[in-house]
Amino acid sequence: WQRYNLKESLGLRRPSGRYILSAFSLGLTAWYPASLLASLLSNAESEAAAREMASQLFPADASFAWVFFVVAITPAVCEEVLVRGVSLRAFETRFRTRTVALATGLLFGAFHMSLSKFIPLSVMGVIMGWMAIRSGSLLPSVLFHLLNNGMAVVLTLTPPDLPGLGTDAGVHWFPLSISAVGIVLGLWILYQPDPKKSSSGSALS
């Protein structure tokens, strides 16, 4: 037991602030193009099945806090520990960095068992994997995941009266432009050279 360090194995380190900023920028904006792509790839049957599952999990009188906990908090913690924690750290001991990011991204996409969401979730999974690798920490990807799912909850339960974000469907330039800026900014921050090695991050207490 003394040789097994849970914090190191899961990447429970305090990351550099720039990775937190990258996670904020991507988590708040990547959901829009991801949802558009999933909608384009979906069909009436899969959408009906998704609505049926949602109605079973969340009755009409379900509170916002409960839905947010189930849809945003729980997956952000549990899925990240499994994919970007256990799986990614295990793969890192055997494969190259790019292979690890790609493999865990595809695993993340397949984990949701949805053909229409496989591509967008896999792309997001690769980005979150690369974020976990570069930061040496699980926490940025947890934040990314939490914000991405949290935006879906907020906009579904309390849709704003804005083009593309309310009840009207379709592609709108306003949210697409905001998303493009946020994604480019988040990726730019993520891919900046790190003056410190990720292994120098201090372990969480």
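**Exercise 1. Decide whether Phe-68 is buried, partly exposed or exposed, then describe its aromatic pair with Phe-64.**

*Solution.* Keep in mind that you are working with a predicted model.

Step 1. Start with Phe-68: its relative accessibility is 22%. Buried would require a value under 20% and exposed a value over 50%, so Phe-68 counts as partly exposed.

Step 2. Do the same for Phe-64, which has 39% relative accessibility and is therefore partly exposed.

Step 3. Now look at the rings. A pair of aromatic rings is described by the distance of the centres and the angle of the planes. For Phe-64 and Phe-68, the centres are 5.9 Å apart and the planes make an angle of 25°. Planes under 30 degrees apart count as stacked, and that is the label this pair receives.

Step 4. Place the pair in the chain. Phe-64 and Phe-68 are four residues apart in helix H5 (residues 64–92), so about one helical turn separates them. The structure holds six aromatic pairs, and this is one of them.

**Exercise 2. Stay in helix H5 and work out what surrounds Glu-80.**

*Solution.* Step 1. Find Glu-80 in helix H5 and check its accessibility: at 0%, Glu-80 counts as buried.

Step 2. List its contacts, setting aside neighbours within four places in sequence. Among them are Pro-75, Gly-85, Met-128, Leu-138 and His-145.

Step 3. Pick out Phe-108, which is also in contact with Glu-80. The ring of Phe-108 has another partner: the charged end of Arg-84 sits over it, 4.4 Å from the ring centre.

**Exercise 3. Which residues of helix H9 are buried, and how are they arranged around the helix?**

*Solution.* Step 1. Check the helix itself. H9 (residues 173–190) has 18 residues and spans 25 Å from first to last C-alpha, close to the expected 26 Å.

Step 2. Collect the buried residues: Pro-175, Ser-179, Gly-182, Gly-186, Ile-189 and Leu-190. Looking down the axis, they fall within an arc of 100°, so they line one face of H9.

Step 3. Ask what covers that face. The cover includes helix H2 (17–27), helix H3 (31–41) and helix H7 (115–135).

Step 4. Turn the helix around. The face away from the buried side carries the exposed residues Trp-173, Val-181, Val-184 and Trp-188.

**Exercise 4. Describe the backbone and the surroundings of Met-113.**

*Solution.* Step 1. Locate Met-113 in the loop between helix H6 (97–111) and H7.

Step 2. Read its phi, which is near 50°, a positive value in a residue other than glycine.

Step 3. Add the accessibility: with a relative accessible area of 77%, Met-113 is exposed.

**Exercise 5. Summarise the chain and decide where to read it with care.**

*Solution.* Step 1. Count the elements: the chain has nine helices and zero strands.

Step 2. Consider the packing. Of the 205 residues, 36% count as buried. Among contacts between residues at least 6 apart in sequence, 79% join residues at least 24 apart.

Step 3. Turn to confidence. The chain averages a pLDDT of 83, and 78% of the residues score at least 70. Helix H2 has the highest confidence, with a mean of 96, and helix H4 (residues 44–57) the lowest, at 63.

Step 4. Finish with residues 198–205, where the pLDDT is below 50, although this stretch has 21 contacts in the model beyond near neighbours in sequence. Where pLDDT is low, the predicted coordinates should not be read in detail.

Definitions and conventions
Residues are numbered from 1 along each chain as its sequence is written. This is a predicted model: local features need pLDDT of at least 70, side-chain atom pairs count only at pLDDT 80 or more; totals for chains, interfaces and linings use all residues. Side-chain values use heavy atoms; hydrogens and water are left out. Rings of Phe, Tyr and Trp (its six-membered ring) pair if their centres lie within 6.5 Å; planes under 30 degrees apart count as stacked, over 60 as edge-to-face and the rest as tilted. Helices (H or I, at least four residues) and strands (E, at least two) are DSSP runs, numbered from the N terminus. Buried means under 20% relative accessible area, exposed over 50%, partly exposed in between (1.4 Å probe, protein chains only). A charge sits over a ring if NZ of Lys or CZ of Arg is within 6 Å of the ring centre and within 35 degrees of the ring normal. The expected span of a helix is 1.5 Å times one less than its number of residues. The arc is that of the directions from the helix axis to the C-beta atoms. Contact means heavy atoms within 4.5 Å. pLDDT is the predictor's confidence in each residue, from 0 to 100.
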